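This briefing concerns the structure shown below. It is arranged by topic, beginning with a single residue and its surroundings.

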Amino acid sequence: MLDGLELSEVNLLNLEYSFRFDAEYYKPTMLYYESIIENHSGSKLLSDCADFLIGPFGSAFTVDNYTEDRTYRYIRGKDVKPLQLMDNDNVYMPESDYNRLIRYALKENDILVSVVGTIGNAALVMNKDLPGIFSCKSTVVRVRGIQAPYLLAYLNCKFGQSLLLRKERGAVQKGLNLDDLKTLNVFIPNDPNEFFQSEISKLFVTSCELLAKSKEIYKEAEELLLSELGLLDFIPNDDNIAIKSFSNSFSISGRLDSEYYQPKYDDIEQRMYSKPHTFINKEFLQIITSFDKTKDGYNYIEIGDVNVSDGVHSYNYVVTEELPANAKIKVANGDLIVSTVRPYRGAVSIINTDDTDLVVSGAFTVLRSKLESNYSIQVLQVLLRTQIYKNFMLKYNVGSSYPVIKDENVMNLPIPLLSDKIQKQIESKIKQSFALQEQSKQLLELAKRAVEVAIEDSEDSAMELINNAKY
């Protein structure tokens, strides 16, 4: 009668101090992971190897105070991603606010753990992120007696991440309490010289170096493109007044909103049309292929699965009957997906997988190169992710609280004509950038896997895994 059910029997005397009675907390997998960590002689509570700092609450700092001065960073909850902080959409605070909130100032090698919203993300604070203040949606874990990159790898491996998520409380608004966070069991390697920890730290440092090089090469590709177009230092008109006749406005566009007619858009268009150009719809097909709903499931990409900082996407397998209503378009390797929701964020990515069962949200315009076109898909990706194009696409926004643009607006965008030589140079740099990015990602995965092997088997086996890896 109980076949197929997961059951755990827990003695009342063995309930934790918090007296958790929810079944999820005592799932067999969680109890198994906990027992493995506890059975290691060097395991400690997180409170024994770290101090904690909670972020400022309430209205201590608000978005109204964001400043253009890029000195004092304000790190929001959404900036805390697994392993590293996002740095493509940074916001900054005035010096006066920074000094007022100085007790919340971050230090290099602090670990930020998200405790509200998306629970359990753990990222390392590096020198490039400083000076900075963190928000109340994260807690700082300030290590002592353990190397920060090692603890970071542990918190992101299957053991640390599972046990961390196990601590969450609440139903509608879930969160992590500081007292619960302090009781997290941490695996400490049995190595008085911290050699294994140092090897994990080296993997993290090398990964960061590769990622920095990847970004540098991508920037070179973008600057090459903008330089070729004469737009490298281009600053559009920032006037907020435009005078248009009816015949040159509504009768053509059907738009009456003032945003559409801002002078900056005219300025950008003039620059585009002054150079040899074509249009996206002349070089690329819009893909609207639906998918077979009789199949068991698909790998699904939604807007949030595109990393706006680097243009890389991820996907999750979802059984067909659980796919959201907006899962609409079947894509293929080499297609370009362009977000039509909040396009200013630049969620533009090239599908890079041979998986044939891949579906994306209808909030993407999907583009595929025409057979007769010589326009590089990599060049188009770089172009649409430039600040100039992200700004220009705002012209076509409709809606206020949830601004979107239409597929037809994407298809009708003018794009510059470039020589084959320049396109190949840009394409080569982009491929090199993405290759370095992939190597960086693999090293982080290796660090997490090595910690798992050390826990499951031995540190010697983990070191063998690291030494046999080619990087």
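**A buried aspartate, two cores and a covered helix**

The side chain of D110 reaches the backbone nitrogen of K107 at 2.8 Å, a polar contact (a pair of N or O atoms within 3.5 Å; within protein, one must be able to donate a hydrogen and the other to accept it, and residues adjacent in sequence count only if both atoms are side-chain atoms). The model is predicted: local features need pLDDT of at least 70, side-chain atom pairs count only at pLDDT 80 or more, and totals for chains, interfaces and linings use all residues. Residues are numbered from 1 along each chain as its sequence is written, and side-chain values use heavy atoms, with hydrogens and water left out.

**D110**
- D110 has a relative accessible area of 1% and is buried (under 20% relative accessible area, 1.4 Å probe, protein chains only).
- The side chains of D110 and R142 are joined by a polar contact of 2.8 Å.
- Beyond four places in sequence, the contacts of D110 (heavy atoms within 4.5 Å) include A123, V125 and V141.

**Nonpolar cores**
- The largest nonpolar core (buried Ala, Val, Leu, Ile, Met, Phe, Trp, Tyr and Cys residues joined through side-chain atoms within 4.5 Å) has 55 residues, and L46, I111, V141 and L151 are among those with the most contacts inside it.
- A second, separate core has 39 residues, including F284, I350, I388 and M393.

**Helix α10**
- Of the 9 residues in helix α10 (residues 377-385), 9 are buried; helices are DSSP runs (H or I, at least four residues), numbered from the N terminus.
- At the start of α10, a side-chain oxygen of S376 comes within 3.2 Å of the backbone nitrogen of Q378.

Technical notes:
Buried means under 20% relative accessible area, exposed over 50%, partly exposed in between (1.4 Å probe, protein chains only). Helices (H or I, at least four residues) and strands (E, at least two) are DSSP runs, numbered from the N terminus.
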